[in-house]
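Let's take a walk through a protein model together. Keep the picture open while you read, and try to find each spot as it comes up.

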Amino acid sequence: GFNLKGRSLLTLEDYSPEEIKYLLSIAKNAKEESRAGVMHQRFLGKTIALIFEKRSTRTRCAFETAFGEEGGHPVFLSTQDIQLGAKESIEDTARVLGRMFNAIEFRGFKQETVEALAKYSGIPVYNGLTDLYHPTQVLADLLTIQEEFGTLKGVKIAYVGDGRNNMANSLIIGCAKMGLDFTIVAPKKLWPEEKLVTIAKEYCKTSQGLITLTEDPKEGVKDAQVIYTDVWASMGEEDKMKQRMKFLSPYQVNQELMKSTGRKDTIFLHCLPAVKEKEVTTEVMEGYQSRVWDQAENRKHTIKAIMLATI
Ligand code: CP
Ligand code: NVA
């Protein structure tokens with residue numbers, strides 16, 4: 001077995017492939033139990049602080065419902081409510097929360113903030129999205145892929161669009177660790193940082209994963225079992241949308257691109273929220289290949305898994 005008690009999840013880099021596999025197996029169980037109506041009280045008497053500097057539907061609801069249905073008490077704190085960063089330093093806030101709560105979730109701008117919370121609180125801290133990473137999303141993505149294809153190893157996934165955002169950054173690490181065949185399909189200026197690609201390729205040496213970068217949408221999605229996309233402008237960079245639309249429009253995931261894989265079993269994934277008719281057409285979102293609602297549901301089961309394993 002694995003003992004992950006006390007561990008934080010700030011980036012998937014902190015977890016070994018075996019540990020990720022273990023988390024996915026806990027999530028699978030949690031999902032089956034939830035479907036069967038099996039109830040536990042595994043967080044009875046426990047509390048978690050959910051800090052949000054940015055908006056959220058899925059992440060907040062996944063943490064609140066997963067923690068609450070196990071008998072725990074989640075406390076939602078927007079930055080309108082607490083002193084964090086404004087009237088009190090992150091370090092001091094972290095030390096106070098560490099005395100009162102059993103865990104912290106943080107969604108916001110800087111990766112350094114979530115790292116400081118972990119360093120100074122002394123309790124498990126989960127990254128619920130920063131400008132740099134979105135690790136809990138990738139756990140849900142991997143579970144969804146595993147459910148569909150029965151395996152992760154060798155599954156060919158093409159991530160199309162903004163290849164430099166938190167999703168691309170986390171997917172490249174997660175897929176490399178778990179041995180997927182991962183292609184970034186994006187204009188060169190939106191390719192991931194070279195440093196990250198080097199790290200991912202290093203993981204591939206032991207996982208037999210594959211990392212490819214291409215500018216060509218048709219070529220990039222060829223043979224893909226999964227086509228994944230995300231918004232063209234992430235939270236905090238709304239001012240970039242106009243410019244992004246110019247060079248990302250050839251990368252829209254539409255029926256034609258879905259067909260370009262040359263496979264019948266290709267599925268479509270999106271972390272959501274989606275901007276329809278921009279990065280993806282309504283037809284694809286609503287189409288038979290879309291698994292986005294299963295993927296969204298899996299946020300809850302995988303988030304429950306990471307909390308069960310670490311609290
Ligand atoms: N995918 C995701 O993180 O969604 P929210 O922004 O709604 O939490
Ligand atoms: N890249 C998106 C993901 C939202 C879940 C953003 O940061 O806005």
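## A loop with some oddities

Start at L272, which counts as partly exposed because it has 16 C-beta neighbours inside 10 Å. Keep in mind that this is a predicted model. L272 sits in the loop between strand 9 and helix 11, and its phi is positive, about 65°, although it is not a glycine. Move one step on and there's another surprise: the peptide bond joining L272 and P273 is cis, with omega about 0°. Most residues other than glycine have a negative phi, and most peptide bonds are trans.

The loop between strand 9 and helix 11 (282-286) is also home to P273 and to E277. E277 isn't a glycine either, yet it has a positive phi of about 75°. Is E277 buried or exposed? With 12 other C-beta atoms within 10 Å, E277 is exposed.

## The strands next door

Now look at strand 9, residues 267-270. Its side chains take turns: I267 and L269 point one way, F268 and H270 point the other way, and all of them are buried.

Which way does strand 9 run beside strand 8? The two are parallel, and four bridges join them. To see the pairing up close, find Y228, which stands opposite L269 in strand 9.

## Two domains

Zoom out a bit, and you'll see that the protein chain is divided into domain 1 (12-133 + 298-310) and domain 2 (136-296). Their C-alpha centres lie 25 Å apart. Where they meet, 26 residues of domain 1 are in contact with 23 residues of domain 2.

On the domain 1 side of that meeting place, helix 1 (17-36), helix 2 (58-68) and helix 12 (292-310) each supply at least two residues. Helix 12 gives the largest share, six residues. Sorted by class, the residues of this side of domain 1 divide into 13 nonpolar, seven polar and six charged.

## Ligand 1, between the domains

Where does ligand 1 lie? Both domain 1 and domain 2 give residues to its shell, so ligand 1 lies between them. You've already met two of its neighbours: L272 and P273 surround ligand 1 along with S56, T57, R58, T59, L129, Q137 and C271. That shell has four nonpolar, four polar and one charged residues.

## Ligand 2 and the annotated site

Around ligand 2 you'll find L129, N165, N166, M167, D230, V231, S234, M235 and C271. By class, they come out as five nonpolar, three polar and one charged.

Some of those names turn up again in a record: an unreviewed UniProt entry places a "binding site" feature at N166, D230, S234 and M235. They span 70 residues in sequence, yet no two of their C-alpha atoms are more than 11.5 Å apart, so they gather at one spot.

## D230 and M235 side by side

Let's compare two residues of that site. D230 lies in the loop between strand 8 (226-229) and helix 9 (241-248), and M235 is found in the loop between strand 8 and helix 9 too. D230 counts as buried, because it has 26 C-beta neighbours inside 10 Å. M235 is partly exposed, with 18 other C-beta atoms within 10 Å.

What do they touch, leaving out residues up to four places away in sequence? For D230, the contacts are G161, D162, N165, M167, H270, C271 and E279. M235 touches K54 and R55.

Methods. Residues are numbered from 1 along each chain as its sequence is written. Chains are lettered from A and ligands numbered from 1 in the order in which they are written. This is a predicted model: local features need pLDDT of at least 70, side-chain atom pairs count only at pLDDT 80 or more; totals for chains, interfaces and linings use all residues. A residue is near a molecule or strand if its C-beta atom, placed from the backbone, lies within 6 Å of it. Ala, Val, Leu, Ile, Met, Phe, Trp, Tyr, Cys and Pro count as nonpolar, Asp, Glu, Lys and Arg as charged, and the others, Gly among them, as polar. Domain bounds come from an automatic or database domain assignment. UniProt positions are given in the numbering used here, feature names are shortened, and annotations may be inferred rather than shown by experiment. A residue is buried if 20 or more other C-beta atoms lie within 10 Å of its own, exposed if 12 or fewer, and partly exposed in between; C-beta atoms are placed from the backbone. Two residues are in contact if their C-beta atoms, placed from the backbone, lie within 7 Å. Two strands pair if DSSP finds at least two bridges between them.
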